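Q: Please take a close look at a single part of this protein and set it in the context of the whole chain. A formal, connected account would be appreciated.

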Amino acid sequence: MYFKNGNIWLDKFALLLSLAAIGIAAVQIAQAAPDPQVGKAISGQCAACHGSDGISIAATIPNLAGQHYEYLLQQLKAFKDGMRKNPIMENFALPLSKKEMQDLSAYFASIPIHVGHPKIAKPKALHPPKHFRAGNPKNPNHG
Ligand code: HEC
């Protein structure tokens, strides 16, 4: 069928080879997809600063929870290739493979966050007290 030479064993061998090739390609595709579960499993090294839930432990360290996947990945690559300079993060990004960066980014991006509008004081409260506008009748120096 493949070699048209009548050698059935060669035909079967060729068929096996193509099936194996398809199998390997399928595994490669499966491995290429960013996996938040794998990212979570290797995120322990980041938790000391960024927290295990992606909410950082200090005001000088950025939160990662719910951040965009593309942004996280971009920053990790930038730390690794020196485009973004930070002595701490360079050390952590340097040993990461492309796949590990994808998995870590997928994990932190997948952490749900909730946002709401801040409570802002009503404009009325910002108006001056009444006696500033009306003057203080008990004090002749103030009109
Ligand atoms: C020792 C503390 C520390 C550890 C551990 C650490 N980071 Fe960071 N990370 C920082 C600091 C500090 C910054 C801010 C860097 C800057 O100012 O440019 C940062 C920045 C980042 C940013 C950029 C965020 C943004 O909003 O731009 C990403 C992404 C990141 N870290 C991912 C990781 C990952 C993934 C790990 C684990 C492999 C990790 N970090 C481990 C301290 C740490």
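A: Two residues are in contact if their C-beta atoms, placed from the backbone, lie within 7 Å. By that criterion, residues 24 or more positions apart account for 57% of the contacts in the protein with a separation of 6 or more. The model is a predicted one: local features need pLDDT of at least 70, side-chain atom pairs count only at pLDDT 80 or more, and totals for chains, interfaces and linings use all residues. Residues are numbered from 1 along each chain as its sequence is written.

The protein has eight helices and zero strands, where helices (H or I, at least four residues) and strands (E, at least two) are DSSP runs, numbered from the N terminus. The part chosen here is helix 6, residues 98–110. The expected span of a helix is 1.5 Å times one less than its number of residues. For the 13 residues of helix 6 this gives 18 Å, and the end C-alpha atoms are 18 Å apart, which agrees.

A residue is buried if 20 or more other C-beta atoms lie within 10 Å of its own, exposed if 12 or fewer, and partly exposed in between, with C-beta atoms placed from the backbone. Buried residues make up 13% of the 143 residues in the protein. In helix 6 the buried residues are Met-101, Gln-102, Asp-103, Leu-104, Ser-105, Ala-106, Tyr-107, Phe-108 and Ala-109. The elements covering them include helix 2 (36–41), helix 3 (44–50) and helix 4 (69–81).

Two residues illustrate these contacts. Leaving aside neighbours within four places in sequence, Tyr-107 is in contact with Pro-36, Gly-39, Lys-40 and Ser-43. Ala-109 counts as buried because it has 21 C-beta neighbours inside 10 Å. With neighbours within four places again set aside, Ala-109 is in contact with Gly-66, Gln-67, His-68, Tyr-69 and Leu-72. Gly-66 is 43 residues from Ala-109 along the chain, yet their C-alpha atoms are separated by 4.5 Å.

Helix 6 also contributes to the largest nonpolar core, which has 11 residues, among them Leu-64, Leu-72, Leu-76, Phe-79 and Ala-93. Helix 4 and helix 6 each supply at least two residues of this core, and the largest share, six residues, comes from helix 6. A nonpolar core is a set of buried Ala, Val, Leu, Ile, Met, Phe, Trp, Tyr and Cys residues joined through C-beta atoms within 7 Å.
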